[in-house]
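Dear colleague,

I am passing on the structure we spoke about, and my notes on the helices and their packing follow it. Please read them with the coordinates open.

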Amino acid sequence: METHIVDEKLKQMQFNNAMASYSSRGLYKGFGYLVALANITLQAVLVYLVVPYSIGLFAQVLVIICAYLSTDFINGLTHMYMDHNDHYDSLAGPLIANFHLHHKIPKYKINPILIVYFVETGSKVWLVVYLAMVMALLCMFPVTPMLAYFLVYIGILSSLAEVSHYLCHTSNSRLTLIFSQYGLLLSKKHHARHHLEDNVNYAFLNGWSDQLLNLIAKQFYPGYKNTTDKHYAYYDALNTESR
Ligand SMILES: [Zn+2]
Ligand SMILES: [Zn+2]
């Protein structure tokens, strides 16, 4: 057998083992709840820290637009990295394998938005580090109010991005449609390319940064259709729990 076929078989086996660990051990789901709790607590503390600063309406709108663009880009980059991550036999392997299932069938449990915000924030381990760093920065250094708001908005919009992706896959409400038409949330048509094509449209807050992300992806990554998407080929869809 050719080497790449052997590698693919090995990855498929590692993927199934990783998912078995994810499903059988409450440890990984418990870890997700802890991550969600840490993210939301840090977000609340950061809001408490920045709210006393007044920067005026114009600056607020400007900062929110910059934060939207940056958040869409940063989260798109992490999505790009994760879509190509195949370290299923590492400590984080079960979380990585579970992440890849968003390509197999984007299965979401229908829940109230606040529950979605909490549960989906639990997958963002990097966000805990980011929010803790922002808190340290705000507490230890003289940061300008505009920069403080910018950094805090990125921290919150990164969770909102998960809600945007959820709504994109599950909601046909008029409000979601209006928000996606005005570029505040991800539109179904724009995001569909990520699932139908290969190595494109990784952004999932509103998709504004996808043109830049697509250039980066083309330059640095091979795509997921012929790599990580093949690793769940023998994973039983019937055993796939709703996320
Ligand atoms: Zn993806
Ligand atoms: Zn999707």
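A residue is called buried here if 20 or more other C-beta atoms lie within 10 Å of its own, exposed if 12 or fewer do, and partly exposed in between, with C-beta atoms placed from the backbone. This is a predicted model, in which local features need pLDDT of at least 70 and side-chain atom pairs count only at pLDDT 80 or more, while totals for chains, interfaces and linings use all residues. Residues are numbered from 1 along each chain as its sequence is written, and chains are lettered from A and ligands numbered from 1 in the order in which they are written.

In helix H1 (helices being DSSP runs of H or I, at least four residues, numbered from the N terminus), the buried residues are Phe-15, Ala-18 and Met-19. Seen down the axis of H1, these fall within an arc of 100° (taken over the directions from the helix axis to the C-beta atoms), so they line one face of the helix. They pack against helix H4, residues 93-104, with contact meaning C-beta atoms, placed from the backbone, within 7 Å. The face of H1 turned away from this buried side carries the exposed residues Thr-3, Val-6 and Ser-24.

Helix H10 can be described in a similar way. Its buried residues are Asp-210, Leu-213 and Ala-217, and because they fall within an arc of 60° when seen down the axis of H10, they line one face of the helix. What covers them includes H3, whereas Gln-211, Leu-215, Lys-218 and Gln-219 are exposed on the other side of H10.

As for the interior, a nonpolar core is a set of buried Ala, Val, Leu, Ile, Met, Phe, Trp, Tyr and Cys residues joined through C-beta atoms within 7 Å. The largest such core has 31 residues, and those with the most contacts inside it are Ala-67, Val-152, Tyr-153, Ile-154, Leu-157 and Leu-205. The elements giving two or more residues to this core are H3 (57-83), H5 (113-121), H6 (125-140), H7 (145-170) and H10 (210-220), and H7 supplies the largest share, 12 residues. Leaving aside residues up to four places away in sequence, Leu-157 touches Ala-67, Tyr-68, Thr-71 and Leu-205. Apart from this core lies another, of 8 residues, among them Phe-15, Tyr-88, Ile-96 and Tyr-232.

Finally, Ala-36, Asn-39 and Ile-40 in H2 meet Phe-118, Val-119 and Thr-121 in H5.

With regards

Key
Contact = placed C-beta atoms within 7 Å.
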